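Student: I'd like a close look at a single part of this model, please. Could you walk me through one helix and what surrounds it?

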Amino acid sequence: MKNPDHYPESVRKLEQLGKQIDKDKKRAIRKTKQWKFDTIAVHGLYSVKEAIEKNQGSIVEPLYLSTSQAFQNADEMEAALAYLYPGWIYSRIANPTVGYLEDTLTLLETYDSNIEAGSIATSSGMSAIFQALQPFLERHNSDEMINFVSSCHVYGGTFQQFSIRKEKEQDIQVRWVSDPTNLDQWAENIDNHTRFLYGEVPSNPSLTFFDIEAVANLAHEHELPLIIDSTIASPALLRPLCHHADIVIHSLSKSMTSSGFCIGGAIIAKKKIVTNIENDELKEDVPRYLKLQPFRDFGPSISPFNALMTLNDLRTLRSRMKCLSETTQKVAEFLNFHPMIKKVNYLGLKNHPLHDLTKRYMILVDSEYDFGKPLHLYGHLLSFEVKGNPQNTRDFFDRLQLIFRATDLGRIKSVATIPAISTHQQQGEEARIMASISPNDVRLCIGGEHPDDIISDLDRALKSLKKNSRVFINRSTSQNGEAAGKKDKSRTQKIRELKQRG
Ligand SMILES: *Cc1c(COP(=O)(O)O)cnc(C)c1O
């Protein structure tokens, strides 16, 4: 960028004014940070003053659909385009409505901490992942073999982006960690050509968890950032930046936008990031760097309309995550003792092997104020394995009447999917086994319906299955025991063989 000294005096004056505007914004952030989570989620930085002075008193953040900003004169245009004076310029780079969403996301992800961070919203969660990783994947020289280390328990789309787009097309090695709770597995994969560590907690759909602080400390020992996809938890239940992670990724299409009206994503990053990449602007402020450079050139920005939809749903995030998590706990406990269910995977169940670890991290924000002690909640996503052969699972699935069959989650309506034939269809059997996904797994994301109605829908579908079941299922079969039946046995045998190979 041009040295600021080379600009005319009148532009330099605007730069001074811009510094004052930045200071005022910092003051507003400090003031806002004194509020509780719910208040921040409802208001963000959109103040009475901003409404009256800039937006004709509109109490709701206005929707600026305009592609571009008009400038008063040449000086303002030059200063804004040199990024010396705050302006939004053009909606591919920035937009005021999107800006309100980004401010709120930063405040929520750094809630109750002194962490300095910034955010950038993107057109989708997949786009957020791509844009967040790309600046770290530049080669120092053209034949350098670079790599990154990732938990293998990631969203199906992420798996595809990593294994096909990055590994096959871009020749970037993805080093999968099959057990992310094992710190040695992370450590032994790191070398001088590693660029970052990546994980998803809780993971979708396998619902795994790992010790974020331990993995972050390991990353920092090697001068690497830890990037966490925190879509499933949302900042109401978990804030990875507060546990030493460096960058957080969200699909805004899920828990954040429960209405299901739009697709979106976000990158929230700490300032002055740890990295072995020689790029001072990136190190200083990842979202600002992305906004002013790669976003300008690649164009993955979110629509202002989608940003407003998300912002509106975000206002009730905490109460919603509380209600949905409590219902999910009830549903998980119901399924856990159901004779037709082989296994329930929910981090909130005491018999889940990762329950105690997860409990250290997942707490309803501000619950100490309301209940005098932390309330541990585990989110709205669970998965379970139906007994019998895969056809049994499909029959159960087809008999759901209230719960929608869709590859979706985070909705105010309960939604179920069979990952093996949907989200994880394309990655193949071996990769599914690596990510612990069985053809009998059903992923269920609980909505705002009454728990009794969700439970009766599941119970009815499971009971009708029993009557028509193609395989005889013994009621006395233990919780994690194998269902009887020849077809099922050969299936289990096959999975076991593949597991031994993998
Ligand atoms: C859905 C999802 C994504 C991808 O987000 P889109 O907005 O659908 O692109 C990424 N990570 C997780 C954990 C998801 O559930």
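Tutor: Happy to! In this predicted model, the buried residues of helix H13 are Pro304, Asn306, Ala307, Leu308, Thr310, Leu311, Asp313 and Leu314. That makes eight of the eleven residues in the 304-314 stretch, so the helix counts as mostly covered, given that buried means under 20% relative accessible area. What do these residues pack against? Their partners are three helices: H2 (37-43), H5 (96-109) and H14 (317-336).

Now look at the start of H13. Here Ser303 places a side-chain oxygen within 3.1 Å of the backbone nitrogen of Phe305. Phe305 also takes part in a nonpolar surface patch of about 270 Å², which it makes together with Leu63 and Leu65. Follow the patch to Leu63 and you arrive in the loop that runs between helix H3 (48-54) and helix H4 (74-81). Leu63 is partly exposed, with a relative accessible area of 32%, and it can therefore join a patch, where over 30% is required.

For the modelling side, the ligand deserves a look too. There are 13 residues around it, and those that come nearest are Gly125, Asp229, Ser251, Ser253 and Lys254. A polar backbone atom of Gly125 sits 2.8 Å from a ligand oxygen. Polar side-chain atoms also approach ligand oxygens, at 2.9 Å for Asn204 and at 2.8 Å for Lys254. On its own the ligand has 380 Å² of accessible area, and the protein covers 93% of that.

Terms used
Residues numbered from 1 in each chain as written. Predicted model: local features only at pLDDT ≥ 70, side-chain atom pairs only at ≥ 80, totals over all residues. Heavy atoms only, no water. Buried < 20%, exposed > 50% of the residue type's maximum accessible area, 1.4 Å probe, protein only. Helix = DSSP H or I, 4+ residues; strand = E, 2+ residues; numbered from the N terminus. Contact = heavy atoms within 4.5 Å. Polar contact = N/O pair within 3.5 Å; in protein donor to acceptor, adjacent residues only side chain to side chain. Patch = residues over 30% accessible without salt bridge, like charges linked within 9 Å, V, L, I, M, F, W, Y side chains within 5 Å. Areas by Shrake-Rupley, 256 points an atom, 1.4 Å probe, with all protein chains shown as cover. Salt bridge = Lys/Arg side-chain N within 4 Å of Asp/Glu carboxyl O. Near = heavy atom within 4 Å.
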